[in-house]
Amino acid sequence: GQATIPVRFDGTNLSISSNNPTANIIDGSSIDHGITKAPYERSFSPYEFNGGTTLAISGPDYAVVAADTRLSSGYEILSRNVSKLHPLTERCVLGSAGCKTDVDQLRSVLDIKMKVYQHNHRKPMATPSVAQMLGNTLYMKRFFPYYSFNVLAGIDSEGKGAVYSYDAIGSFERTPFSASGSGQAFLIPLMDNVISHKNRCDEQRDLPVEE
């Protein structure tokens with residue numbers, strides 16, 4: 001009950017020593033205990049991950065795109081009624097998860113470009129052209145990217161379903177299906193099994209739009 005811990009303070013650093021000469025001395029010279037006025041590192045992130053999951057599937061003559069409607073921040077649910085889908089044309093829909101402000105800004109930029117194209121060419125943009133435009137728009141911001149995880153789904157000029165998968169800076173490819181956002185790691189294996197027919201023993205068949 002009489003044990004004491006020797007503490008040494010040299011005016012700048014606080015250290016804990018030991019009465020045992022063979023014991024290691026705990027040096028507190030690198031620890032700021034609030035005694036000094038050393039500056040603390042401050043951090044700021046312009047991004048906020050608001051969650052969300054999107055999924056798109058293409059077929060011989062259809063494309064299906066779906067997303068959740070929850071808007072969250074950390075452990076808080078801010079809204080349960082915020083759509084992550086945005087129609088760009090009558091035959092093309094964009095699904096975006098990620099930072100809500102960046103998603104809104106990206107949608108505004110795309111809408112303006114769609115209107116300019118409609119005004120100049122007197123026709124709506126085709127789905128493959130929309131896919132390229134989205135890729136160019138994301139790549140243009142590659143040094144300060146939109147924090148948006150995008151999936152584009154629609155019908156091409158031949159009437160076939162088209163789904164495009166994107167990374168943050170505009171690289172994209174046309175795929176049978178794609179998912180993005182919080183639930184991507186859960187949906188991709190499921191789609192591999194259901195759509196691509198991987199790891200299954202039954203005969204593969206084309207899925208109609210009803211299924």
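Colleague: Over the face of which residue does Arg-142 lie?

Modeller: Happy to start there. This is a predicted model, in which local features need pLDDT of at least 70, side-chain atom pairs count only at pLDDT 80 or more, and totals for chains, interfaces and linings use all residues. Residues are numbered from 1 along each chain as its sequence is written, and side-chain values use heavy atoms, with hydrogens and water left out. A charge sits over a ring if NZ of Lys or CZ of Arg is within 6 Å of the ring centre and within 35 degrees of the ring normal; at 4.2 Å from the ring centre, the partner of Arg-142 is Tyr-139.

Colleague: And how far is the charged end of Lys-141 from the centre of the ring of Tyr-146?

Modeller: Here the charged end of Lys-141 is the one placed over a ring, that of Tyr-146. The distance from the ring centre is 5.2 Å.

Colleague: How is the aromatic pair of Tyr-47 and Tyr-147 classed?

Modeller: Rings of Phe, Tyr and Trp (its six-membered ring) pair if their centres lie within 6.5 Å; planes under 30 degrees apart count as stacked, over 60 as edge-to-face and the rest as tilted. For Tyr-47 and Tyr-147 the centres are 5.1 Å apart and the planes make 50°, so the pair is tilted.

Colleague: Why does this pair tie together parts that are apart in sequence?

Modeller: Strands (E, at least two residues) and helices (H or I, at least four) are DSSP runs, numbered from the N terminus. Tyr-47 lies in the loop between strand E2 (14-16) and strand E3 (53-58), while Tyr-147 lies in the loop between helix H2 (127-140) and strand E9 (148-155). The parts tied together are therefore apart in sequence by 100 residues.

Colleague: Is Asp-156, the salt-bridge partner of Arg-174, buried or exposed?

Modeller: A salt bridge is a side-chain nitrogen of Lys or Arg within 4 Å of a carboxyl oxygen of Asp or Glu, and Arg-174 and Asp-156 meet at 3.0 Å, N to O. Buried means under 20% relative accessible area, exposed over 50%, partly exposed in between (1.4 Å probe, protein chains only). Arg-174 has 41% and is partly exposed. With a relative accessible area of 6%, Asp-156 is buried.

Colleague: Which residues is Val-109 in contact with, leaving aside neighbours within four places in sequence?

Modeller: Val-109 is found in helix H1 (residues 100-121) and counts as buried at 17% relative accessibility. Taking contact as heavy atoms within 4.5 Å, the partners of Val-109 beyond those neighbours are Thr-137 and Tyr-146.
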